[in-house]
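Here is a short report on a protein model, with a focus on charged side chains. Please keep the sequence and the structure at hand while reading.

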Amino acid sequence: MAIQGRKMTTTIIALLACFAFQICFSSEAIFYESFEDSFEGRWIVSEKDEYNGVWKLSKSEGHDDHGLLVSEKARKYAIVKELDEVLELKDKTIVLQFEVRLQNGLECGGAYLKYLRTQDAGWKAKEFDNDSPYSIMFGPDKCGSTNKVHFILKHKNPKNGEYVEHHLKNPPSVPSDKLTHVYTAILTPDNEVRILVDGEEKKKANFLSSDDFEPSLIPVKTIPDPNDKKPEDWDERAKIPDADAVKPDDWDEDAPMEIEDEDAVKPEGWLDDEPEEVDDPEATKPEDWDDEEDGEWEAPKIDNPKCETAPGCGEWKKPMKKNPAYKGKWHAPLIDNPNYKGIWKPQDIPNPDYFEIEKPDFEPIAAIGIEIWTMQDGILFDNILIDADEKVAESYRQTAWKPKFDAEKEKEKAEEAAAGSSDGLSDFKKKIFDVLYKIADLPFLSPYHPKIIDLIEKGEKQPNITIGILVSIVIVILTVLFRLVFGGKKQPVINNSATTTVAPESSNNQGSGEEKEDEKEKEEETEKEDAGAAVPPRRRSSRREN
């Protein structure tokens, strides 16, 4: 009866939430997948040989709710669901949302979705792989220096027909716990995209702004002329040796840097006849030692105990000191170069691939795919949603995600309380780390984002070094502020082009450049797991070496 009462209460809460948002799960979203029923037959697993990871329908730990589970470590996974109808993204609001729970954490792997555009004729879902062209890639990815909630738009250049990946700049970080989190991307007709994590806006960007996407959707107007060549008489040397300078007569290039200290005196008590090391008197030859096979046995060496109280042992030699007459090799002093023209750069020419648009030319979405390589298992995908109404997405967050998250949070607090403050982070420390993660997402710290995230994560795993972590992050921030305020000297540049161009990705090569970099890091992680580290024997150093 008690269980039925709890179920009844949960149902009432869900109905009230639906009523409050004027929407319920019975309303038809453009696409919704709860994984409460078997995915087989509806989602197609790639049959490509490299994707040997096994997908499973599994309950989320501590819940009756099911999801799509990554069940094995160090595997590639690929699965796709074709939409009933192709979804146009132009001139409308579109909300992309899904849940992910990293039940075993995420050291190196992806947990993102690919929203595939219409594939070439003859393409089959079972052939889905990394080269299957997508329109949008969205979701968590973490490995090495990468720690971000990706948002990548593939946009076609109308001038040359090539597809280019445009990455969101300064994306939010991936939450570092093992709770269920919901990721939302809201695309609006005014060219904006908003990224939400657990319903909280973490990033707002404009598709046409060069400040928000790298490279910018609208190419630069001019590019360096690839055919321009530096003139043979162009001199880039700011300083040159003074041709009129003469080496002074008293300059001795052969004088050594150091000479023997003639004033040095051997310390009293120096033991000239005592070696620094002696045979260990307590060592004995092993019983199984064979002189014919193993050679003549020698006792291991130990520090000579007589040398511990003496100033030194062995042959005494006068120490070396700096030679006051040393000047090194003579070089003519440098003077300003009268022919200096600056650092040469090719002249700018009009960019043949330049175009202007008022709105992005989004490719329609024809399927949803998950194509990842991960070193962790236990990644659970759930409640994948596409809709044209933000309130629908909010309703799903309140009714499907929030009850799970709240229950997991309460359980986490209870476990920490039971374990005691010595085994886990206190609430105060957690608040500190929450603030640190927000600081790490500040735009002006983006060049140092991976290093700061790495420091924060080390602090979470080792609470005893928290103070040191805080000091390190403060030093990084102060260093960045100092550089922003005071800047630095720059060399003059002649004929410098305004902006460098980013090589577009051809429509025949759909793999993400960043994905390939991540794959390299994941290959290194795999090698570390598979290969045992051979530790060479250490040689005992002598006192003289020390």
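A salt bridge here is a side-chain nitrogen of Lys or Arg within 4 Å of a carboxyl oxygen of Asp or Glu. By that rule, D65, E99, D382 and K404 are linked in a network of salt bridges. The model is predicted.

## Overall build

The protein has 546 residues, and 39% of them count as buried. Its secondary structure comprises seven helices and 27 strands. Contacts reach far along the chain. Among those between residues at least 6 apart in sequence, 76% join residues at least 24 apart. The exposed area is about 32,300 Å². Carbon and sulfur atoms supply 51% of that area.

## Salt bridges

Side chains of opposite charge can pair when their charged atoms come close. The structure holds 26 salt bridges. Three pairs are listed below.

| Pair | N to O distance | Separation in sequence |
|---|---|---|
| E371 and K114 | 2.9 Å | 257 residues |
| E192 and K204 | 3.7 Å | 12 residues |
| K318 and E262 | 3.3 Å | 56 residues |

Take E371 and K114. Their side chains meet in a salt bridge, N to O at 2.9 Å. The pair links distant parts of the chain, with E371 in strand β25 (residues 365-374) and K114 in strand β8 (residues 113-116). Are these two residues buried or exposed? E371 has a relative accessible area of 4%, so it counts as buried. K114 is buried as well, because its relative accessible area is 0%.

Next come E192 and K204. Their closest N and O atoms are 3.7 Å apart. E192 sits in strand β13 (residues 192-197) and K204 in strand β14 (residues 200-206). E192 is partly exposed, at 23% relative accessibility. K204 is partly exposed too, at 45%.

The pair K318 and E262 joins two loops. K318 lies in the loop between β20 (301-303) and β21, while E262 lies in the loop between β18 (258-260) and β19. Their side chains meet at 3.3 Å, N to O. K318 counts as partly exposed because its relative accessibility is 27%. E262 has 54%, so it counts as exposed.

## A negative patch

Which residues gather in a patch of negative charge on the surface? They are E287, D288, D290, E292, E293 and D294. One of them, D288, lies in the loop between β19 (277-279) and α2 (291-294). Why does D288 count as exposed? Its relative accessibility is 67%, and the cut-off for exposed is over 50%.

## Two further sites

K142 belongs to strand β9 (residues 134-143). At 13% relative accessibility, K142 counts as buried, because buried means under 20%. What does K142 touch, leaving aside residues up to four places away in sequence? Its contacts are L106, E107, C108, G109, N147 and E457.

H331 is found in a loop, between β21 (320-322) and β22 (334-336). With 59% relative accessibility, H331 counts as exposed. H331 and A245 are 86 residues apart in sequence. In space, their C-alpha atoms are 9.1 Å apart.

Conventions
Residues numbered from 1 in each chain as written. Predicted model: local features only at pLDDT ≥ 70, side-chain atom pairs only at ≥ 80, totals over all residues. Heavy atoms only, no water. Patch = residues over 30% accessible without salt bridge, like charges linked within 9 Å, V, L, I, M, F, W, Y side chains within 5 Å. Areas by Shrake-Rupley, 256 points an atom, 1.4 Å probe, with all protein chains shown as cover. Lys, Arg positive; Asp, Glu negative; His and termini not counted. Charge placed at Lys NZ, Arg CZ, Asp CG, Glu CD. Helix = DSSP H or I, 4+ residues; strand = E, 2+ residues; numbered from the N terminus. Buried < 20%, exposed > 50% of the residue type's maximum accessible area, 1.4 Å probe, protein only. Contact = heavy atoms within 4.5 Å.
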